[in-house]
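Hi everyone, thanks for coming. I'd like to walk you through a structure that is probably new to most of you, so let's put it up on the screen.

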Amino acid sequence: MKVTVVGAGNVGATCADVLAYREIANEVVLVDIKEGFAEGKALDIWQKAPINLYDTRTVGVTNDYSRTAGSDVVVITSGLPRKPGMSRDDLISTNAGIVQSVTENVVKHSPDAIIIVVSNPLDVMTYAAHMTSKLPRTRVMGMAGILDTARYRAFLAEALNVSPKDIQAVLMGGHGDTMVPLPRYTTVGGIPVTELIEEEKLNAIIERTKTGGGELVKLMGTSAWYAPGAAAAQMVEAIVRDQRRVFPVCVKLEGEYGIDGVYLGVPVILGKNGIEKIIELQLNEEEKQLLENSRGHVKEVMDALDKINASA
Ligand SMILES: NC(=O)c1ccc[n+]([C@@H]2O[C@H](COP(=O)([O-])OP(=O)(O)OC[C@H]3O[C@@H](n4cnc5c(N)ncnc54)[C@H](O)[C@@H]3O)[C@@H](O)[C@H]2O)c1
């Protein structure tokens with residue numbers, strides 16, 4: 001199995017590192033536009049192999065897509081991250097240009113690849129990559145839901161003083177403050193979370209999760225990478241090992257949840273063909289309203305991208 005990670009910055013290099021030390025692929029190609037940067041990161045990860053005992057080969061290239069040819073999965077992390085005070089949507093014009101040109105190169109050399117987008121604003125960059133690639137929607141998807149859900153699970157584990165391993169949860173909707181929490185689908189070792197925590201505390205955790213990315217941007221001056229890189233690698237693993245994992249993933253909706261033509265995070269089954277199935281939950285009225293807010297917000301940013309592309 002061959003996996004390419006475009007963007008050898010914080011998220012891309014972390015993803016490549018997880019792919020290597022967990023031996024998720026035989027070969028990982030890192031690509032960056034900055035001369036020598038991907039080569040250096042790939043060499044550093046390869047020099048860790050004798051210490052961490054893995055044999056995945058990591059190779060770095062500067063913008064040379066011929067080296068990525070025949071990739072099974074491609075993760076796109078290229079683009080600017082947020083700085084304090086910025087919203088993800090502020091990145092749209094710069095990152096759309098990057099994601100669209102990268103996608104063209106990726107598809108030219110790996111027409112059968114499954115593409116996982118990580119660059120922000122996530123839902124709209126997934127739209128940009130999908131439109132550019134002309135691939136079926138099951139093969140172009142965005143990573144955000146696993147990260148958002150992991151943040152929620154981590155906060156809950158801390159509040160309940162239990163292992164994060166035992167917390168199962170799903171969040172839906174756009175990657176941002178309009179994400180849709182589903183506490184009635186959250187369990188702790190099979191026990192509904194609502195039986196273990198007061199409503200007020202749970203609501204505070206949900207609010208913290210919605211702005212969880214911003215909390216880290218404020219602390220570090222740039223956005224997070226350990227959890228995002230690991231989350232993207234987990235999606236790659238589900239695909240290359242045909243695990244049929246159930247994850248929240250950003251995909252173009254075509255009628256599911258009564259939504260058509262908008263890219264949103266929904267629970268899916270992820271396997272060797274990419275999105276094997278979109279799972280449709282029966283949402284209550286409040287959840288439907290939250291999803292509608294999320295849809296409206298993502299659609300506005302999609303329209304903004306259409307305008308940018310039309311005037312280019
Ligand atoms: N989806 C999520 O949940 C999530 C989480 C964290 C970060 N992000 C996003 O991921 C992206 C990357 O974040 P980061 O922290 O790794 O940033 P970073 O600045 O550390 O790395 C980005 C890399 O992309 C490279 N790059 C820029 N243009 C390129 C091009 N045309 N081709 C190849 N490489 C190019 C840069 O040289 C840089 O090395 C940002 O847009 C960030 O907002 C998304």
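Let's start at Pro 121, which sits in the loop between β5, residues 114-117, and α5, residues 122-133. Keep in mind that what you see is a predicted model. The peptide bond leading from Asn 120 into Pro 121 is cis, and its omega is near -5°. A second backbone detail is at Asn 63: this residue is not a glycine, and yet its phi is positive, at about 55°. You can find Asn 63 in the loop that runs between β3, residues 57-62, and β4, residues 73-76. Why point these two spots out? Because most residues other than glycine have a negative phi, and most peptide bonds are trans.

Now to the ligand. Which residues come nearest to the ligand? There are 28 residues around the ligand, and the nearest are Val 11, Asp 32, Leu 80, Val 118 and Met 143. Two of the polar contacts I'd like to show you involve side chains and oxygen atoms of the ligand. In one, a polar side-chain atom of Asp 32 lies 2.6 Å from a ligand oxygen. In the other, a polar side-chain atom of Asn 95 is 3.3 Å from an oxygen atom of the ligand. Met 143 takes part through its backbone instead: one of its polar backbone atoms is 2.8 Å from a nitrogen atom of the ligand. How much of the ligand does the protein bury? On its own the ligand would expose 870 Å², and the protein buries 90% of that.

Next, the pockets. The largest pocket holds about 830 Å³ of space. Its lining is made of 43 residues, and the ones nearest the centre are Thr 77, Ser 78, Gly 79, Leu 80 and Pro 81. Leu 80 may sound familiar, as it was also among the residues nearest the ligand. Several elements give two or more residues to this lining: α1 (10-21), β2 (27-32), α2 (37-47), α4 (92-109), α6 (145-160) and α8 (212-220). Of these, α4 has the largest share, with five residues. By class, the lining of the largest pocket splits into 20 nonpolar, 17 polar and six charged residues.

The second largest pocket has a volume of about 620 Å³. Here 29 residues form the lining, and Ile 146, Arg 153, Gln 234, Arg 245 and Phe 247 are the closest to the centre. At least two lining residues come from each of α6, α9 (226-240) and β12 (245-254). Which element gives the largest share of this second lining? That is α6, with seven residues. This lining has 20 nonpolar residues, along with four polar and five charged ones.

There is an enclosed space to show you as well. The structure has one cavity of 30 Å³ or more, and about 80 Å³ of space lies in it. It is lined by 15 residues, and closest to its centre are Ala 144, Gly 145, Asp 148, Gly 173 and Gly 265. We meet α6 and β12 again here: together with β8 (171-172), each of them supplies at least two lining residues. The most comes from β12, with three residues. Sorted by class, the cavity lining has seven nonpolar, six polar and two charged residues.

Finally, let me show you a sheet. Three strands form an open, antiparallel sheet in the order β7-β10-β11. At the edges are β7 (167-168) and β11 (191-192), each of which pairs on one side only. Between β7 and β10, residues 187-188, there are two bridges, and these strands run antiparallel. If you'd like a landmark on screen, look for Gln 168, which stands opposite Thr 187 in β10.

That's the tour. Thanks for listening, and I'm happy to take questions.

Note on methods:
Residues numbered from 1 in each chain as written. Predicted model: local features only at pLDDT ≥ 70, side-chain atom pairs only at ≥ 80, totals over all residues. Heavy atoms only, no water. 1 Å grid on protein atoms, 1.4 Å probe; cavity = no way out; pocket = protein on both sides within 12 Å on 5 of 7 lines; lining within 4 Å. Points joined across faces, edges and corners; volume = space filled by probe spheres on them. Helix = DSSP H or I, 4+ residues; strand = E, 2+ residues; numbered from the N terminus. Nonpolar A, V, L, I, M, F, W, Y, C, P; charged D, E, K, R; others polar. Pairing = 2+ DSSP bridges. Near = heavy atom within 4 Å. Polar contact = N/O pair within 3.5 Å; in protein donor to acceptor, adjacent residues only side chain to side chain. Areas by Shrake-Rupley, 256 points an atom, 1.4 Å probe, with all protein chains shown as cover.
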